[in-house]
Amino acid sequence: MLWIAGSLFFCWMMVRECLSTLITPTGYDHPISSKISIPFLILYGTLALAFAWQPFQYWRFERLLSIKATEIADFHPAKVHCNTIFDTFVDQNYFAAGHADPHTGKIVFQYPWCNRLMDYLHHPQKANREEIVSLNIFTHESMHVRGEYNEAKTECEAVQRNYRAAKLLGVPDQTAKKTALNYYLGEYQRRGAIGGLAGSYFSAECAPGKAMDEHLSDSTWAR
Ligand SMILES: [Zn+2]
């Protein structure tokens, strides 16, 4: 919001610069300036674009994620929002890295999980733990939009689709498989070992050939 306000301010400065050659203020018999200052116009324009760049990048990323989340949620409409640090402060679910409403299709990423997912997509081969988790947040919340409420089932559906999700987001095939398996064999198993709230997302039945195996042809664990 602050970035957009900054951009609008410099747009207004451009308009003001142009108007100063056209409008005669009260008490004057001619406009304040006789000609527009091109260097100032360029400066204001550059600053307006610079301030607008970050919101524009987020808008594009949210749009991409919304399209791909809809696809992975079997075309239940999803709308992704990346919370700013200020949004996160006022979000009732600020303790969760992400949350989704199956009724509205709205998916929210808390700050800075969108940035982590962006980083993952920039260098998927060098993904760190948080970046791998950010991919799973995307898939997990998409599964809620698909209609699942139970956390263990939602998480298992996500585990099986993380490979598909990574590929949908443009990650090369082998790297997508590696990321998805890393999550399943690492973070997911750790949740089971930790127990408690983390453990409520885990099920021993979420494994190849077990009760929660959906036998997807492109499952993370399919050979
Ligand atoms: Zn959930």
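These legends go with close-up views of a predicted model.

**View 1. Here is the zinc site, with its donors from the protein.** The zinc ion is held in this view by H140 (NE2), H144 (NE2), E151 (OE) and E151 (OE), so E151 appears twice in the donor list; the atoms lie 2.0 to 2.6 Å from the ion. If you scan the sequence for the donor residues, look for the spacing H-x3-H-x6-E. What is the arrangement of the 4 donor atoms around the zinc ion? It is irregular, because the angles they subtend run from 53 to 140°. A tetrahedral label would need all angles between 85 and 135 degrees. Is H144 buried or exposed? H144 counts as buried, with a relative accessibility of 6%, whereas E151 is partly exposed at 27% relative accessible area.

**View 2. A158 sits in helix 6 and touches one of the zinc donors.** Helix 6 covers residues 151-168, and A158 is found there. With a relative accessibility of 0%, A158 counts as buried. Which residues does A158 touch, once those up to four places away in sequence are set aside? They are N136, T139, H140 and M143. H140 is also on the list of zinc donors, through NE2. For a sense of scale, pick out L41 as well: it is 117 residues from A158 along the chain, and the two C-alpha atoms are separated by 50 Å.

**View 3. Helix 5 and helix 7 pack against each other.** Two packed helices are described by the angle between their axes and the distance between the axes. For helix 5 (residues 129-146) and helix 7 (residues 173-194), the angle is about 100° and the axes are 10 Å apart. That makes the two helices roughly perpendicular to each other, since angles of 65 to 115 degrees fall in that class. On the helix 5 side, the contact is made by R129, I132, V133, L135 and N136. Helix 7 brings T179, N182, Y183 and E187 to the contact. N136 turns up again from the previous view, where it is one of the residues touched by A158.

**View 4. T175 is a buried residue of helix 7.** T175 lies in helix 7 and counts as buried, at 14% relative accessibility. Leave aside the neighbours within four places in sequence, and T175 is in contact with Y120, P124 and Q125.

**View 5. Three strands make up an open sheet with mixed pairing.** The order of the 3 strands is 1-3-2. Strand 1 (79-82) and strand 2 (98-101) are at the edges, each with a single partner strand, so one side of each is left without a neighbour in the sheet. On average, neighbouring strands are turned by 15° against each other, ignoring direction. Strands of a sheet pair through backbone hydrogen bonds, either parallel or antiparallel. Both kinds are on show here: strand 1 and strand 3 run parallel, joined by 4 bridges, while strand 2 and strand 3 (residues 106-109) run antiparallel, also with 4 bridges.

**View 6. V108 in strand 3 has a bridge partner on either neighbouring strand.** H81 has V108 as its bridge partner in strand 3, and V108 is likewise the bridge partner of H99. Elsewhere in strand 3, K106 stands opposite D101. The hairpin of strand 2 and strand 3 has 4 residues between the strands, and G105 takes a positive phi near 80° in it.

**View 7. Side chains alternate along strand 1.** In a regular strand the side chains alternate between the two faces of the sheet. Which residues of strand 1 point to the buried face? V80 and C82 point to one face and are buried, while K79 and H81 point to the other and are not.

**View 8. Backbone oddities turn up in two loops.** In the loop between helix 2 (38-72) and strand 1 you'll find D74, and F75 has its place in that loop too. D74 is not a glycine, yet has a positive phi of about 55°; F75, also a residue other than glycine, has a positive phi near 65°. D74 is partly exposed, with 38% relative accessible area, whereas F75 is exposed at 62%. The other loop runs between strand 3 and helix 4 (113-122) and holds P112. A cis peptide bond joins Y111 and P112, with omega about 0°.

How values were computed
Residues are numbered from 1 along each chain as its sequence is written. This is a predicted model: local features need pLDDT of at least 70, side-chain atom pairs count only at pLDDT 80 or more; totals for chains, interfaces and linings use all residues. Side-chain values use heavy atoms; hydrogens and water are left out. Two strands pair if DSSP finds at least two bridges between them. Axes are lines fitted to C-alpha atoms, for helices over the stretch in contact, and angles run from 0 to 180 degrees between N-to-C directions. Donors are N, O and S atoms within 2.8 Å of the metal (3.2 Å for Na, K and Ca); water is not among the atoms, so sites may look incomplete. Four donors count as tetrahedral if all angles lie between 85 and 135 degrees; four count as square planar and six as octahedral if opposite donors are over 155 degrees apart and all others between 65 and 115; anything else is irregular. Buried means under 20% relative accessible area, exposed over 50%, partly exposed in between (1.4 Å probe, protein chains only). Angles under 35 degrees count as roughly parallel, over 145 as roughly antiparallel, 65 to 115 as roughly perpendicular and the rest as oblique. Contact means heavy atoms within 4.5 Å.
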